[in-house]
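Me: I would like to go through this model and ask what lies behind each label. Please set the values against the cut-offs as you answer.

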Amino acid sequence: MVASRTGSYKKPLPVIHPDNEPYWQALKNHELRLQRCTDCNTLRYPVSPVCWKCLSESANWEQLSGKGTLRSWIVVEAATGNPAWSEDIPYVVALVDLAEGPRLTTNIVEADPYSLEYGQPVEIVFADVTDEVWAARGYNFFLSVSATSHPDGTAFEAVALLNGELQQSRRFFQ
């Protein structure tokens with residue numbers, strides 16, 4: 001699913017560097033790609049120059065389905081820090097387990113924040129944020145089993161862009 005944002009973008013943009021550039025380039029193409037270690041076959045997340053499991057420097061960028069399962073969330077009801085998020089109140093910050101294994105911190109968009117349920121299926125939503133930055137806008141909450149039956153639409157960019165950089169310093173272990 002793809003949605004565009006018009007006007008000037010007020011929220012922080014990610015720092016793109018050689019280690020994470022393929023990730024952001026894939027988002028530009030509306031694909032979710034993560035590194036897969038070519039030595040131990042582990043998906044690397046967050047993006048890293050070495051595998052967290054075997055310390056190998058070898059990896060390929062693998063396209064993922066963009067589908068996942070809602071595991072935990074909070075509803076943000078008051079903006080703190082950067083005032084750019086105040087227009088999005090309330091918004092959801094969530095942990096989503098991707099179908100392929102890694103756990104992402106993201107937003108749940110296009111949903112009533114107070115009607116979410118543990119284990120609900122979600123699907124990625126992409127956003128063309130600026131001419132240089134494309135982002136995983138968040139994950140779409142849908143009630144039907146078929147992802148194709150959920151309509152496209154606009155939603156929050158909120159935390160997803162910020163998380164792209166913050167997750168560079170965080171590790172999630174399975």
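**Labels and their grounds**

Reply: To begin with helix 1, residues 21-28, its buried residues are Tyr23, Trp24, Ala26 and Leu27. They line one face of the helix, because, seen down its axis, they fall within an arc of 155°. An α-helix has 3.6 residues a turn, so residues three or four places apart point the same way. Note that this is a predicted model.

Me: What follows helix 1?

Reply: His30 follows helix 1, and its phi is positive, near 60°.

Me: How many helices and strands does the protein have, and in what order do the elements run?

Reply: The protein has two helices and nine strands. From the N terminus on, the order is β-α-β-β-β-β-β-β-β-β-α.

Me: How do you know which strands are the edge strands of the open sheet with the order 3-2-4?

Reply: That sheet has three strands and antiparallel pairing. Strand 3 (43-44) and strand 4 (59-64) each pair on one side only, and they are the edge strands.

Me: What makes strand 2 and strand 4 a pair?

Reply: Two strands pair if there are at least two bridges between them. Strand 2 and strand 4 are joined by six bridges and run antiparallel, so the pair meets that definition. One of the residue pairings is that of Gln35 with Trp61 in strand 4. Helix 1 packs on the sheet, where it touches strand 2 and strand 4, and its direction makes about 145° with that of strand 2.

Me: Which residues touch the most other members of the largest nonpolar core?

Reply: They are Tyr23, Leu27, Leu32, Leu34, Leu64 and Leu98, in a core of 13 residues. Helix 1, strand 2 (32-37) and strand 8 (121-128) are the elements that give two or more residues to this core. Helix 1 supplies the largest share, three residues. There is also a second, separate core of seven residues, including Leu70, Ala94, Val96 and Val122. In soluble globular proteins, nonpolar side chains tend to be buried together.

Me: Why is Ala127 called buried?

Reply: Buried means under 20% relative accessible area. Ala127 has 0%, so Ala127 counts as buried. Ala127 is found in strand 8. Its C-alpha atom is 8.6 Å from that of Lys28, although the two residues are 99 apart along the chain.

Me: How many disulfides does the structure hold, and how do you know that Cys51 is in no disulfide?

Reply: The structure holds zero disulfides. For Cys51, the nearest cysteine sulfur is that of Cys40, 3.6 Å away. A disulfide needs the two sulfur atoms within 2.5 Å, so Cys51 is in none. The relative accessible area of Cys51 is 0%, so Cys51 is buried.

Me: What about Cys54: which cysteine sulfur is the nearest, and how far away is it?

Reply: The sulfur of Cys37 is the nearest, 3.6 Å away, and Cys54 is in no disulfide.

Me: What makes Cys54 partly exposed?

Reply: Partly exposed lies between the 20% limit for buried and the 50% limit for exposed. Cys54 has 34% relative accessibility, so it counts as partly exposed.

Me: How many of the 174 residues count as buried, as a percentage?

Reply: Of the 174 residues, 45% count as buried. As for contacts between residues at least 6 apart in sequence, 62% join residues at least 24 apart.

Methods. Residues are numbered from 1 along each chain as its sequence is written. This is a predicted model: local features need pLDDT of at least 70, side-chain atom pairs count only at pLDDT 80 or more; totals for chains, interfaces and linings use all residues. Side-chain values use heavy atoms; hydrogens and water are left out. Buried means under 20% relative accessible area, exposed over 50%, partly exposed in between (1.4 Å probe, protein chains only). Helices (H or I, at least four residues) and strands (E, at least two) are DSSP runs, numbered from the N terminus. The arc is that of the directions from the helix axis to the C-beta atoms. A nonpolar core is a set of buried Ala, Val, Leu, Ile, Met, Phe, Trp, Tyr and Cys residues joined through side-chain atoms within 4.5 Å. Contact means heavy atoms within 4.5 Å. Axes are lines fitted to C-alpha atoms, for helices over the stretch in contact, and angles run from 0 to 180 degrees between N-to-C directions.
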